[in-house]
Amino acid sequence: MVRQYETVFIMTPVLSEDQMKEAVKKVRDFLTGKGAEIIFENNWGMRRLAYPIQKKSTGFYYLIEFKAEGSAIAELEVMFKRDERCLRFLTVALDKHAIAYNEKKRTPKAAEAVTEEV
């Protein structure tokens, strides 16, 4: 069954910008190779971690929202565990309320203002 998921992963801060893009491309290619449809991506950039992970206090955060089969998620998490550049990851299945919230969050504020005036 195809469900909608959202995954956030944190990459080590010692990567260059090109290495970070290559790591994200690897995840994106893996998902599309498994038949997933990528809905939304967001690069959160370098952020401070709440607590040190592998003696690092910052990391590159990246979010991908996608539709995929459940079997692809287990393989995606194995890929994250094997990748030494990945500090942490979290994949969540979205329910209808979370999907609606994410869609509303992505719409520009200008479009909301126009619909409220009418």
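**Exercise 1.** Determine whether Y61 is buried or exposed, and then do likewise for W44.

*Solution.* Y61 has a relative accessible area of 15%, so Y61 is buried (under 20% is buried, over 50% exposed, and in between partly exposed, with a 1.4 Å probe and protein chains only). W44 has a relative accessible area of 33%, and is therefore partly exposed.

The model is predicted, so local features need pLDDT of at least 70 and side-chain atom pairs pLDDT 80 or more, while totals for chains, interfaces and linings use all residues. Residues are numbered from 1 along each chain as its sequence is written, and side-chain values use heavy atoms, without hydrogens or water.

**Exercise 2.** Find how many aromatic pairs the whole structure holds, and describe the pair of W44 and Y61.

*Solution.* The search gives 5 aromatic pairs (ring centres of Phe, Tyr or Trp, the latter by its six-membered ring, within 6.5 Å; planes under 30 degrees apart are stacked, over 60 edge-to-face, the rest tilted). W44 and Y61 are stacked, with 6.1 Å from centre to centre and 20° between the planes. This pair links distant parts of the chain, since W44 belongs to strand 2 (residues 37–53) and Y61 to strand 3 (residues 56–69), 17 residues apart.

**Exercise 3.** State how the rings of F80 and F89 are arranged, and which cluster contains them.

*Solution.* Their centres lie 5.1 Å apart and their planes meet at 20°, so the pair is stacked. F80 is buried at 3% relative accessibility, whereas F89 is partly exposed at 25%. Ring pairs join F80 and F89 with F9 and Y62 in a cluster.

Conventions
Helices (H or I, at least four residues) and strands (E, at least two) are DSSP runs, numbered from the N terminus.
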